Amino acid sequence: MKRFTACGILLLLVVLYPLSASLAGEAPPLPSGLGAEVSTTAYETIAPAGPEIDVSGFWEARAGTRTRNDPYERQTSLLESRLQLSVERPGDTVNMKLTGDILYDEVADSHHVDLETGEGFLDLREVWVFYRPTDMADIKAGRQVLTWGTGDLLFINDLFPKDFRSFFIGRDEEYLKAPSDAVKLSLFSDALSLDLVYTPRFDADRYIDGSRISFYNPATGTITGRDDTLNTRVPDDWFHDDEVAARLYTNWNGYELAAYGYKGFWKSPRGFDPGSGQATFPELDVLGMSGRGTLGPGIGNIELGYYHSGDDSSGRDPYIINSELRFLAGYEQEIVRETTLGLQYYLERMQHYDRYRDNLPAGSPARDHNRHIVTVRLTWLALQQDLRLSVFNYYSPSDEDGYLRAGASYRLDDNWALSGGLNLFYGDERHTFFDQFEKDSNVYAAIRYGFGSY
Amino acid sequence: MNISSRAGHHCSGIIFLLVLQFSISCRLYAATPSVEEIIRKTEQTAYYLGKDGSARVTVKITDSQGRERKRRFSILRLDERPDRQNHADPPGDQKYYVHINYPSDLKNTVLLVWKHPGADDDRWLYLPALDLTKRIAASDKRTSFLGSDFLYEDISGRDLNADTHQLVDTTSDYYVLKNIPRQPDTVEFSEYTMWIHRKTFLPVKVEYLDKQEKKYRVYTALEVETIQGYPTVTRSRMQDLALKQETTMEFTHIKYDRELPEDIFTERYLRNPPHDLLR
C-alpha cells in the first residue's frame, strides 16, 4: 500500500511536470554561445573604432512671425537657413574642435560678419584646443561655450555670455549660450576641484539692442526698435577689460556644492552715460554659492549670488544699476512617467534701495525693491520619446508680467526633426522686464536634418 | 525530494523508464541552489561581471511598420565593491558612464548614473551644445532608455528586493523563476518569468505579463560570448508585443577588469569625455 502511494505520487508528479512548465511559458532555445548552433544570420559588420576626425552637424530652416503688430520691428521675426558643421579630433590628452554655423538670415539688416556678436553669415560657435598636461589639470583654450550653476533658464553665478535675441525669437535653446573667447584651467583633487576662466577681452551678452527685439529704453522712456538701436560702449581693451570667473566645487555623496567668484562687467548694458548718450557695461563683481542634490523623490537646487556694482557702490548714481542680491531655489520631479515638473523661485533684491529712490530722475518708473520670479516647467515625452512637449513660464508677481515659452519637437527619423513653438510676453506696464517685449511675442517653426558618423 | 527518490527505488516494472527520468530530474533538483542564490548569481552575471567593464553598443529599434531607428553609444561601468565575493552580500553601488555617438542630435551627450541598489540613483546628463550638466530626477526607473524598448531598469538592473521570487521549474537548461512585484502600483507589469541558464546563470528569456495577465514584453538573449572568462550576452532583443515593435541591442569591443579610474565617473569627464577608453 505504502509502495503504491509512493509510486502514485511519483506518477502524478511526472505527469504534472511538463504541465507546470507549459504554465510558465515556453522555454527558449539556447542562444548561440550557450550550446546552440551559431546563427548564420549575417550581422552588420561592426564599424571600426571611431574615426580620427569626427564630422557632424545639421541643416535647418526656421521661420517665425510676430503675433502682435509691432510698429518698431518687422512682422517676420525669423526667416533663416543654417548649416552647422562640427569637426572634432577626439583624444584624451589633446582634443580639438571647430564648430561653425553658416547662416542666411533674411531678417538681419546686415550680413557683415561680426564674430563677437554672431552677426553675419558666419557664426563661429567653437574653436578650441583641449590639453590634459597631468592627471590633475585640464586646459581648454579658444572659443567655447561655458555653463555652470544650477538654475533652469535662470542664471546667477553663470556670467558667461547669453544670446537673448536668439532665445526670444525662437532659435533652438542651445543658442541661448553665446560662446566665450577664453582660457579655462581646471584643477582636480579628490576633495575639491577648481575651474578658472580667464577672458582677456570682455565678452558681452548678445543683448537686446532693438535690432531684432523692441524694448523699453529707460534713457528715453520709450519703446525702441530697429529705427533707433541702442548705442553702446562695450569695454574692449585686451587684457584690461578682461573677465575672471572661478568655481570651487565638490560632490559630496551625490550632493554638488560650489562657490563662485566673478570679476568683470554687467553682461548686458545696465548703465548709461548721459554725456555721450551711450549705454554702458558697468563694472561687476559677484560672489556666490550653490547646492544641488536629491530631495525627496526629485532634485532640489539652491543658488545665491551677491552682485556688487563696482561703478555705483553707494547706490547714488541713477544712471548705473545698484548692487543686488540674487537668490534662487528650485525643485524638479518626474510626476508621471515621462512627465517632469520643475518649479523655481527667483529673487533680485536691490541694495541701497532708498538711495535709488532718492536719486531716481523725476518721471522715471521705479523698480521694485524686490523682483520676484516664479517659473514652472512641464516636459512631456511621448511616442517612444520622438515627441517632446515643453512649457516653461516665467511669472513675476512683483512686476505683474511674464513670459511663456511653449515648444514641441518631433523626430521623424534618425535625421529629420520638426519643431515649433511660441514665445509670449505679457504684463501691464511696458517698462517691466518681460512686458517690454510684449510686441515681440512670436510663433515659429523649424525643420532640421542632422548628420554625423554612425 | 529525498523521500521521493528513495521511494523511486521501490518502484518496478512498467513505470521504470518514467522513474528513471524522474530520478534524473530529482538529482537535478537536489543540486538546485536556493532561489536566493539563483537570483543573486543571476544579478551578478547580468550586471556585475568583473570589477569594471566597457563596451560599445548598437541599438536598433524596429517599429510595427518596419521602420528602423538606431542608437550608438559607449558604456563604461565600475563596481564600487569589486571585492564582493559572496553572492549573499547585498549588491554594491555601481557607476555607469554612457557616451552617445548616434543619432547626431544626441552626439556627445553623456549620461552618468551612480546606481544605489534599493534607493534612487543619482543621474546626470551632459548636453554638449550648452556645456550643461543637468541633474535628472530619477524616481521612475521604468522609462524608456533612449526611446528604445529597453528601460533604464533593464540596462542597470532591477532591485532584487522589489520582487518576490519563486522557482517554478527546473529544466535541463534553465531555472524558471516567477517574479511578482512587491509594490504592483509602481510598475506596469503584474509578473515576469525568467529562464535562467543553469550553467552560467545568464537570463536567456524574460516574459512580462501585463495587469490583465497577458504577455506583452519579452526579452531574449540571442548571442552569448565568453569574454575574459565571463559569459556575456552580446546580442539581445526586447519585444513590445502591444506596440508590435522590438529593439535589438548588440555589444561589441567588450572588455572587463580595465582598472577604470573612479574619477571617470565625475563631472570632469562629463565635460571632457575619456575618448581613448570609449573606443
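**Figure 1. Strands β11(B) and β12(B) run antiparallel in the predicted model.** Ten bridges join the two strands. One of the pairs to look for is B:V224, whose bridge partner in β12(B) is B:V233. The two strands form a hairpin with two residues between them. In this hairpin B:Q228 takes a positive phi near 50°. Strands of a sheet in general pair through backbone hydrogen bonds, and the pairing can be parallel or antiparallel.

**Figure 2. On its other pairing, β11(B) meets strand β10 (residues 203-210) of chain B.** The pairing of β10(B) with β11(B) is antiparallel and covers five bridges. B:K205 has B:T220 in β11(B) as its bridge partner. This hairpin has four residues between the strands. B:E213 lies in the turn and has a positive phi of about 65°.

**Figure 3. Strand β12 (residues 230-240) of chain B is joined to β13(B) by six bridges.** The two strands run antiparallel. Within the pair, B:Q239 stands opposite B:E246 in β13(B). Four residues lie between the strands of the hairpin that β12(B) and β13(B) form. B:K244 in this hairpin has a positive phi near 55°.

**Figure 4. Strand β13 (residues 245-256) of chain B also pairs with strand β1 (residues 52-62) of chain B.** The sense of this pairing is antiparallel, and there are nine bridges. B:R56 can be used to find the register, with B:T252 in β13(B) as its bridge partner. In a regular strand, side chains alternate between the two faces of the sheet.

**Figure 5. Chain B touches chain A through 61 of its residues.** On the other side of the contact are 59 residues of chain A. Which strand of chain B gives the most to the side that touches chain A? Strand β11 (residues 215-227) of chain B does, with six residues. The residues on this side of chain B divide into 22 nonpolar, 17 polar and 22 charged. For the complex, the predictor gives an ipTM of 0.89 and a pTM of 0.88.

**Figure 6. The largest nonpolar core holds 51 residues.** The members that touch the most other members are B:Y97, B:V110, B:L112, B:L177 and B:I196. Strand β4 (residues 110-115) of chain B gives the most to this core, with five residues. A second, separate core has 34 residues, including A:I169, A:Y207, A:F281 and A:F425.

**Figure 7. B:L177 is shown with its contacts beyond four places in sequence.** Among them are B:V35, B:I38 and B:I39. Others include B:H165, B:Q166, B:L167 and B:V168. B:T193, B:M194 and B:I196 are also in contact with B:L177.

**Figure 8. B:N108 sits in the loop between β3 (94-102) and β4 of chain B.** Is B:N108 buried or exposed? B:N108 is buried, because 20 other C-beta atoms lie within 10 Å, and a residue counts as buried at 20 or more. B:K211 is 103 residues apart from B:N108 along the chain. The C-alpha atoms of these two residues are separated by 38 Å.

**Figure 9. Strands β10, β14 and β13 of chain A make up an open sheet.** The order of the three strands is β10-β14-β13, with mixed pairing. The edge strands, β10 (232-233) and β13 (271-273) of chain A, each pair on one side only. Three bridges join β13(A) to strand β14 (residues 278-280) of chain A, and these two strands run antiparallel. In this pair A:G271 stands opposite A:T280 in β14(A).

**Figure 10. Chain A has three helices and 23 strands.** The C-alpha trace of chain A spans about 115 × 50 × 50 Å along its principal axes. Its radius of gyration is 28 Å, while a compact globule of 454 residues would have one near 22 Å. Buried residues make up 36% of chain A. Of the contacts in chain A between residues at least 6 apart in sequence, 56% join residues at least 24 apart.

**Figure 11. Residues 1-28 of chain B have pLDDT below 50.** Beyond near neighbours in sequence, this stretch has 26 contacts in the model. The mean pLDDT of chain B is 85, and 85% of its residues reach 70 or more.

Terms used: Residues are numbered from 1 along each chain as its sequence is written. Chains are lettered from A and ligands numbered from 1 in the order in which they are written. This is a predicted model: local features need pLDDT of at least 70, side-chain atom pairs count only at pLDDT 80 or more; totals for chains, interfaces and linings use all residues. Two residues are in contact if their C-beta atoms, placed from the backbone, lie within 7 Å. Ala, Val, Leu, Ile, Met, Phe, Trp, Tyr, Cys and Pro count as nonpolar, Asp, Glu, Lys and Arg as charged, and the others, Gly among them, as polar. Two strands pair if DSSP finds at least two bridges between them. The radius of gyration is taken over C-alpha atoms; the globule rule is 2.2 Å times the number of residues to the power 0.38. A residue is buried if 20 or more other C-beta atoms lie within 10 Å of its own, exposed if 12 or fewer, and partly exposed in between; C-beta atoms are placed from the backbone. A nonpolar core is a set of buried Ala, Val, Leu, Ile, Met, Phe, Trp, Tyr and Cys residues joined through C-beta atoms within 7 Å. pLDDT is the predictor's confidence in each residue, from 0 to 100.
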